[in-house]
Amino acid sequence: NGKKLATASDKGTVIRVFSTDDGNKLYEFRRGVKRYVQIYCLAFSADGLYLCSSSNTETVHIFKLETGKDSKGEEEPQSWMGYVSKAFATPASYLPPQVTDVFSQERSFAVARLGSAGEKNVCCITNINKVPRLIVVTADGIVHVFNIDPDVGGECVLVKKHWLVEQASSGSEFSDRK
């Protein structure tokens with residue numbers, strides 16, 4: 001709807017979402033910490049509830065854009081990073097912001113794994129039969145369709161794989177392969 005803008009850091013480890021109305025940062029997510037990546041695609045779902053991020057790695061990350069972030073209160077952390085963040089909140093208050101920011105950044109809600117890394121790709125999230133799906137199209141002509149569990153997130157399940165072009169090594173005609 002044009003109300004949000006997503007950006008990625010040069011290293012591809014931090015994803016930020018800003019309001020286009022006033023420029024304020026709405027969300028900050030950590031995609032990873034160990035390796036630097038090239039982000040290929042950042043795409044919001046049509047309903048604005050999710051942001052997907054693909055890169056030159058084998059993983060596609062999905063971030064859930066929660067509304068009413070302040071209403072969380074003192075609920076139990078949902079990830080190991082949440083527990084670490086909670087444990088170090090007070091003792092870490094004397095550390096520089098560059099260090100403490102790592103603990104306050106949200107992690108991905110869900111992750112999809114492609115068969116290999118390095119292939120340029122684009123991703124999007126859509127509803128098919130009222131189920132949120134992640135669609136990833138790679139430069140070699142493969143369309144991956146993953147189910148997203150809207151309640152739990154976690155590992156996305158590959159439900160369909162389509163080849164848009166005939167594979168050079170096979171002499172067979174185009175077919176829908178699983």
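Buried means under 20% relative accessible area. Keep that cut-off at hand for the exercises below, and remember that this is a predicted model.

**Exercise 1. Decide whether Phe29 and Tyr27 are buried or exposed, and find out how their rings are arranged.**

*Step 1.* Start with phenylalanine 29, which has a relative accessibility of 3%. That is under 20%, so Phe29 counts as buried.

*Step 2.* Do the same for tyrosine 27: its relative accessible area is 10%, so Tyr27 is buried too.

*Step 3.* Now look at the two rings. Their centres are 5.8 Å apart, with 10 degrees between the planes. Planes under 30 degrees apart count as stacked, and the Tyr27–Phe29 pair is indeed stacked.

*Step 4.* Finally, widen the view: ring pairs join Tyr27 and Phe29 with Phe63 in a cluster.

**Exercise 2. Work out which parts of the chain the aromatic pair of Tyr50 and Phe109 ties together.**

*Step 1.* Check the geometry first. The ring centres of tyrosine 50 and phenylalanine 109 lie 6.2 Å apart and the planes differ by 35 degrees, which makes this a tilted pair.

*Step 2.* Place each residue. Tyr50 belongs to strand 5, while Phe109 sits in the loop between helix 2 and strand 7, so the pair ties together parts that are 59 residues apart in sequence.

*Step 3.* Add the surroundings: both Tyr50 and Phe109 are buried.

**Exercise 3. Describe the largest nonpolar core, then trace the contacts of Ile62.**

*Step 1.* The largest nonpolar core has 17 residues, and Ile62 and Leu134 have the most contacts inside it.

*Step 2.* Which elements give two or more residues to this core? They are strand 4 (39-44), strand 5 (50-55), strand 6 (59-64), strand 7 (110-113), strand 8 (121-128) and strand 9 (131-138).

*Step 3.* Leave aside the neighbours of isoleucine 62 within four places in sequence; its contacts then include Tyr50, Phe109, Ile125, Leu134 and Cys156.

*Step 4.* A second, separate core has 8 residues, among them Ile15, Leu51, Phe63 and Leu65.

**Exercise 4. Judge where the predictor is confident and where caution is in order.**

*Step 1.* Begin with the whole chain: the average pLDDT is 79, and 69% of the residues score at least 70.

*Step 2.* Compare the elements. Strand 10 (residues 142-147) has the highest mean pLDDT, 96, and helix 2 (residues 97-104) the lowest, 46.

*Step 3.* Look for low stretches. Over residues 98-105 pLDDT stays under 50, and the model has 12 contacts beyond four places in sequence for them. Residues 171-178 also stay under 50, with 15 such contacts in the model.

Conventions:
Residues numbered from 1 in each chain as written. Predicted model: local features only at pLDDT ≥ 70, side-chain atom pairs only at ≥ 80, totals over all residues. Heavy atoms only, no water. Core = buried A, V, L, I, M, F, W, Y, C linked by side-chain atoms within 4.5 Å. Buried < 20%, exposed > 50% of the residue type's maximum accessible area, 1.4 Å probe, protein only. Helix = DSSP H or I, 4+ residues; strand = E, 2+ residues; numbered from the N terminus. Contact = heavy atoms within 4.5 Å. pLDDT = per-residue confidence, 0-100. Phe/Tyr/Trp six-rings, centres within 6.5 Å; stacked < 30°, edge-to-face > 60°.
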